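Please follow the explanation below with the sequence and the model open side by side.

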Amino acid sequence: MKNNSILFYQPQLTCLSSSGVRRFIYNVSIPDCAFPVVDNISSFVEVHEGDSTTLECKGYGEPSPQVFWNFSDIRSDYQRENVGTVSHLNDSSHQLLHLNNITREDNKWLDCVVENMLGRVKQQIRLIVNECVI
């Protein structure tokens with residue numbers, strides 16, 4: 001499975017080394033901190049028009065990241081459900097996206113986003129809606 005995660009670091013965050021040199025945060029090892037990571041999720045979901053499905057966006061990092069779905073113009077009825085928060089690096093936080101009565105107009109990319117103060121990562125999932133077969 002191809003990992004299509006994209007990481008966006010906070011470019012304005014720098015650290016000052018003991019020798020007085022400024023370094024971008026993504027070039028520094030910070031104790032008790034971890035860049036955000038999207039947990040392994042499928043790169044596509046295939047459904048039929050009129051179906052319902054639930055997608056899960058999962059991630060972890062330290063400090064605890066925000067985890068959410070990012071998309072536009074979904075015509076299906078949908079509801080987001082936040083499930084827990086991260087307290088340790090081995091725990092994960094996630095958001096469920098419940099899609100109901102899916103329409104063919106919803107053939108699109110959805111972004112699973114995980115971010116904390118160290119950066120932002122997203123993984124895209126393709127929602128493929130097939131014509132309903134009667």
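Leu110 stands opposite Ile125 in strand 11 of this predicted model. The pair belongs to an antiparallel arrangement in which nine bridges join strand 10 to strand 11 (residues 119-130). Strand 10 and strand 11 form a hairpin, with two residues between them.

Strand 10 also pairs with strand 7. Strand 7 covers residues 66-70, and five bridges link it to strand 10, again with the strands running antiparallel. Within this pairing, Asn70 is the residue opposite Asp111 of strand 10. Strand 10 itself, residues 108-116, is mostly covered, with eight of its nine residues buried. As general background, side chains in a regular strand alternate between the two faces of the sheet.

A residue in another strand can be followed in more detail. Asn82 lies in strand 8, which spans residues 77-83. Is Asn82 buried or exposed? Its relative accessible area is 59%, and because the cut-off for exposed is over 50%, Asn82 counts as exposed.

Exposure does not leave Asn82 without contacts: setting aside residues up to four places away in sequence, Asn82 touches Val67, His94 and Gln95. With Gln95 there is a polar contact between the two side chains, at 2.8 Å. Asn82 can also be placed relative to Leu97, which is 15 residues away along the chain; the C-alpha atoms of Asn82 and Leu97 are separated by 8.9 Å.

Conventions
Residues are numbered from 1 along each chain as its sequence is written. This is a predicted model: local features need pLDDT of at least 70, side-chain atom pairs count only at pLDDT 80 or more; totals for chains, interfaces and linings use all residues. Side-chain values use heavy atoms; hydrogens and water are left out. Buried means under 20% relative accessible area, exposed over 50%, partly exposed in between (1.4 Å probe, protein chains only). Helices (H or I, at least four residues) and strands (E, at least two) are DSSP runs, numbered from the N terminus. Two strands pair if DSSP finds at least two bridges between them. Contact means heavy atoms within 4.5 Å. A polar contact is a pair of N or O atoms within 3.5 Å; within protein, one must be able to donate a hydrogen and the other to accept it, and residues adjacent in sequence count only if both atoms are side-chain atoms.
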